[in-house]
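Colleague: I have not seen this structure before. Could you take me through it?
Modeller: Certainly; please have it open in front of you.

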Amino acid sequence: MNPLESKQTYQQYVDKKSPNSPIIKNCFNAFWVGGLICTIGQIISNICKERGFDIATSSTIVSIILIGISAFLTGLNLFNKIGKFAGAGSLIPITGFANSIVSPAMEYKSEGYVMGVGGKMFTVAGPVLVFGISASILVGIIYMIFATESITLV
Amino acid sequence: MKKIGNQSYSFDSPPTIVDCASIVGPKEAQGPLSKYFDLCIEDEFWGEKTWEKAESKIIKETVNTVIAKSGIPSAQIDCCFAGDLLNQCISSSFGLRELSIPFFGVFGACSAFVESMSLAAICTEAFAENTLCATSSHFCSAEKQFRFPLELGNQRPQSSQWTVTGAGSAILSKNGTGPYITMITPGKIVDMGIKDGNNMGAAMAPAFCDTLTTHFLDTGRNPSYYDAIISGDLGYVGKEIVLDIMSSKGYNIKSNYNDCGILIFDKLKQDTHSGGSGCGCCASVFSGYLFKELRARKMKKLLLIATGALMNSTSSQQGESIPGIAHAISIEI
């Protein structure tokens, strides 16, 4: 068979020929690293509550500490190694978000602090912010329209 | 110079490759070819403030090395051809701005080295006494331009390739005792609709097969004529595709075909997935390894076909497919 018969046959042939990612290994690593990060968050949260902070303040403290650790590890050239190992496990929690802002800031520092760091800082995280904020506004509007005693958003 | 068949050309007085030089980065230095390179730099910055400056320094020093090795003073070099992957080819133009040799900037993505060699060979046949060609690439500057920031914690797909940090340079001369560039087959652009920027090997393989088949048909040669047929940077995925396509066309190149992207890294130890890529890949592997093999007469007939993916980051984001190209030069002793 000649794989170059048409673009379609070539695409199918290439899909078959290209190696797949080791998906089971990746899922397993993502699961336990993601779980570990969340457990660390929970421990911080429990300590905060023990010290007398309310739930909302404790959650904020957890976010700040995890973001701080993630940004620090990014600066030490370690977070990319964790990310390569754990994939979505380290990317989905707030650690991934911090990494996606700090890494372009570091990368584009060579183009100056204003147009480099400032301008390019959100190249990776930008879409998450735009669509995250848009979605929350949309939900807010829907909530406002249909707000009754029975609907409560925690 | 005369035309043979559809798109191949042979030289009346084949230019000699007088000497070659190569400088590579730390990762390449850990690869299987490390002992062949002229210099392995210790870190990606090489004392510069940015990766772009480091890449310019690499190509500049590679050119200085080849000029020193060849013993031909730069005043006697009539023109140079150079290229790289960065926007508007800044590495080569910035790196070679103090060279004061007439300069032609060349862009052919990762095929730039063989493209430069072809053009330099044509000039040498036509008017020039000596010509120079050089190309470079840098892993960090290429990732920055084409993909994500280096510190971003993401996973690379298995079909992706690792841009080589390094440069290669060669000096061609009218007079010499070989190795000679005897023929060139400039390639056509071939686009088979591959859109995945992480699977360059698949995007470029059809162009490679087109150029290789055309070369055989034009010249009447067959695969066994060459001691080695080496592609620029198709990687492991591309190599498998090439073997399949060529066997479907009735050519068996299994025994003497290999790829620079495969040769330069150790896949298992270096975690480079499908292999190396970039203008510096073919350039450093040829200048470092293959040229020395030719000189030592371990290899007498080499067909070097560099492949390029003619895309940029905007075209990928706009969903365009990736056109591929492949240029061939036949080098014989």
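**Domains, chains and a helix pair**

Modeller: In chain B, 59 residues of domain 1 are in contact with 59 residues of domain 2. Please bear in mind that this is a predicted model.

Colleague: Which elements give two or more residues to the domain 1 side of that contact in chain B?
Modeller: They are β2 (8-10), β3 (16-24), α1 (26-29), α4 (112-126), β7 (130-137), α5 (139-146), β8 (162-163) and β9 (166-173) of chain B. α4(B) gives the most, with 7 residues.

Colleague: How do the residues on that side of domain 1 of chain B divide by character?
Modeller: On the side of domain 1 that touches domain 2 in chain B, 28 are nonpolar, 26 polar and 5 charged.

Colleague: Where do the two domains of chain B begin and end?
Modeller: Domain 1 of chain B covers 2-173, and domain 2 covers 180-332. Their C-alpha centres lie 17 Å apart.

Colleague: Back to α4(B). How does its axis cross that of α10(B)?
Modeller: α10 of chain B comprises residues 279-295, and its axis and that of α4(B) come within 7 Å and cross at roughly 60°. The two helices are therefore oblique to each other.

Colleague: Which residues of α4(B) and α10(B) meet there?
Modeller: Ala112(B), Phe113(B) and Val114(B) in α4(B) meet Cys279(B), Cys282(B), Ala283(B) and Phe286(B) in α10(B). This contact of α4(B) with α10(B) has 7 nonpolar residues, with no polar and no charged ones.

Colleague: Changing topic: how many residues of chain B are in contact with chain A?
Modeller: On the chain B side there are 26 residues, in contact with 32 residues of chain A. Both α6 (200-219) and α7 (235-248) of chain B supply at least two residues of that side, and α7(B) gives the most, with 6 residues. The chain B side divides into 12 nonpolar, 9 polar and 5 charged residues.

Colleague: And chain A itself: how many helices and strands does it have?
Modeller: Chain A has 8 helices and 0 strands.

Colleague: What is the radius of gyration of chain A, and what would a compact globule have?
Modeller: Chain A has a radius of gyration of 21 Å, whereas a compact globule of 154 residues would have one near 15 Å. Along the principal axes, the C-alpha atoms of chain A fill a box of roughly 70 × 45 × 40 Å.

Colleague: What percentage of chain A counts as buried?
Modeller: Of its 154 residues, 24% count as buried. Among contacts in chain A between residues at least 6 apart in sequence, 51% join residues at least 24 apart.

Methods: Residues are numbered from 1 along each chain as its sequence is written. Chains are lettered from A and ligands numbered from 1 in the order in which they are written. This is a predicted model: local features need pLDDT of at least 70, side-chain atom pairs count only at pLDDT 80 or more; totals for chains, interfaces and linings use all residues. Domain bounds come from an automatic or database domain assignment. Two residues are in contact if their C-beta atoms, placed from the backbone, lie within 7 Å. Helices (H or I, at least four residues) and strands (E, at least two) are DSSP runs, numbered from the N terminus. Ala, Val, Leu, Ile, Met, Phe, Trp, Tyr, Cys and Pro count as nonpolar, Asp, Glu, Lys and Arg as charged, and the others, Gly among them, as polar. Axes are lines fitted to C-alpha atoms, for helices over the stretch in contact, and angles run from 0 to 180 degrees between N-to-C directions. Angles under 35 degrees count as roughly parallel, over 145 as roughly antiparallel, 65 to 115 as roughly perpendicular and the rest as oblique. The radius of gyration is taken over C-alpha atoms; the globule rule is 2.2 Å times the number of residues to the power 0.38. A residue is buried if 20 or more other C-beta atoms lie within 10 Å of its own, exposed if 12 or fewer, and partly exposed in between; C-beta atoms are placed from the backbone.
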